Amino acid sequence: CKVACETVTKDNMVMLAGEITTQAKVDYEKVVRGVVADIGFDSYEEDLSSVDSKGLSHKSCEVLVRINKQSPDIAGGVHVGK
């Protein structure tokens with residue numbers, strides 16, 4: 001498994017972007033929502049000044065996934081001699 005992945009969050013949105021090479025079938029949205037819930041982000045209100053809003057909710061957040069396999073060119077340069 002090869003991983004180079006970043007996570008960005010903003011205004012009830014989570015984005016995963018990067019390169020992951022694996023044979024596993026991963027439901028990235030399910031993983032994101034589970035982690036967001038586990039760390040306690042469970043409320044989002046459009047009014048960001050609301051004291052009831054944590055700014056992110058696992059139930060309603062937008063999840064953007066931009067994951068590709070590692071480029072063969074990068075793999076060739078990174079794994080020289082392995």
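This is a short talk on the fold, the core, the salt bridges and the surface patches of one protein model.

Hi everyone, and thanks for coming. Please keep in mind that we are looking at a predicted model.

Let me begin with the overall layout. The protein has two helices and five strands. If you walk along the sequence, the order of elements is β-β-α-β-β-β-α. The protein has 82 residues, and 21% of them are buried.

Now to the inside. Which residues make up the largest nonpolar core? There are nine: Val14, Leu16, Ile20, Val32, Val36, Leu56, Cys61, Val63 and Ile67. Strand β2 (13-21), helix α1 and strand β5 (62-68) each give two or more residues to this core. The top contributor is β2, with three residues. As general background, nonpolar side chains in soluble globular proteins tend to be buried together.

Let me pick out one of the core members, Ile20. This residue lies in strand β2. Ile20 counts as buried because its relative accessible area is 15%, and the cut-off for buried is under 20%. There is also a neighbour to point out on the backbone: the C-alpha atoms of Ile20 and Cys5 are 7.1 Å apart, with their positions 15 residues apart in sequence.

On to the charged pairs. How many salt bridges does the structure hold? The count is three, and I will take them one at a time.

The pair I'd like to start with is Glu29 and Arg33, whose side chains meet at 3.0 Å, N to O. Both sit in helix α1 (residues 28-38), and because they are four residues apart there, about one helical turn separates them. Glu29 is partly exposed, at 36% relative accessible area. Arg33 is also classed as partly exposed, with a relative accessibility of 22%.

Next come Lys54 and Asp42, which form a salt bridge at 3.1 Å, N to O. Lys54 is in the loop between β3 and β4 while Asp42 is in strand β3, so this pair ties together parts that are 12 residues apart in sequence. Lys54 has a relative accessible area of 45%, so we call it partly exposed. Asp42, at 38%, is partly exposed as well.

That leaves Lys10 and Asp11, where the closest N and O atoms are 3.6 Å apart. Lys10 is exposed, with 53% relative accessible area. Asp11 is partly exposed, at 39% relative accessibility.

Let's stay with Asp11 for a moment, as its backbone deserves a look too. Asp11 is in the loop between β1 (2-9) and β2. Asp11 is not a glycine, yet its phi is positive, at about 45 degrees. Asn12 belongs to the loop between β1 and β2 as well, and Asn12 is another non-glycine residue with a positive phi, in this case about 65 degrees. Is Asn12 buried or exposed? Asn12 is buried, because its relative accessibility is 8%, and buried means under 20%. So if you have the model open, the loop between β1 and β2 is where to find Asp11 and Asn12.

Finally, the surface. I have two patches to show you.

One of them is nonpolar. Val26, Val31, Val35 and Ile39 form this patch, and together they have about 330 Å² of accessible area. Where is Ile39? You will find Ile39 in the loop between α1 and β3. With a relative accessible area of 57%, Ile39 counts as exposed, because the cut-off for that class is over 50%.

The other patch is negative, formed by Glu45, Glu46, Asp47 and Asp52. Asp47 is located in the loop between β3 (42-43) and β4 (56-57). Asp47 is partly exposed, with 45% relative accessibility. Recall that Lys54, from the salt bridge with Asp42, lies in the loop between β3 and β4 too.

To wrap up, here is what I'd like you to take away from this predicted model. There is a nine-residue largest nonpolar core, to which β2 gives the most. There are three salt bridges, among them the Glu29 and Arg33 pair within helix α1. And on the surface we have a nonpolar patch that includes Ile39 and a negative patch that includes Asp47.

Thanks for listening!

Technical notes. Residues are numbered from 1 along each chain as its sequence is written. This is a predicted model: local features need pLDDT of at least 70, side-chain atom pairs count only at pLDDT 80 or more; totals for chains, interfaces and linings use all residues. Side-chain values use heavy atoms; hydrogens and water are left out. Patches are made of residues with over 30% relative accessible area and no salt bridge: like charges are joined within 9 Å, nonpolar side chains (Val, Leu, Ile, Met, Phe, Trp, Tyr) within 5 Å. Accessible areas come from the Shrake-Rupley method with a 1.4 Å probe; for residues, only the protein chains shown count as cover. A salt bridge is a side-chain nitrogen of Lys or Arg within 4 Å of a carboxyl oxygen of Asp or Glu. Lys and Arg count as positive and Asp and Glu as negative; His and the chain ends are not counted. The place of a charge is taken as NZ of Lys, CZ of Arg, CG of Asp or CD of Glu. Buried means under 20% relative accessible area, exposed over 50%, partly exposed in between (1.4 Å probe, protein chains only). A nonpolar core is a set of buried Ala, Val, Leu, Ile, Met, Phe, Trp, Tyr and Cys residues joined through side-chain atoms within 4.5 Å.
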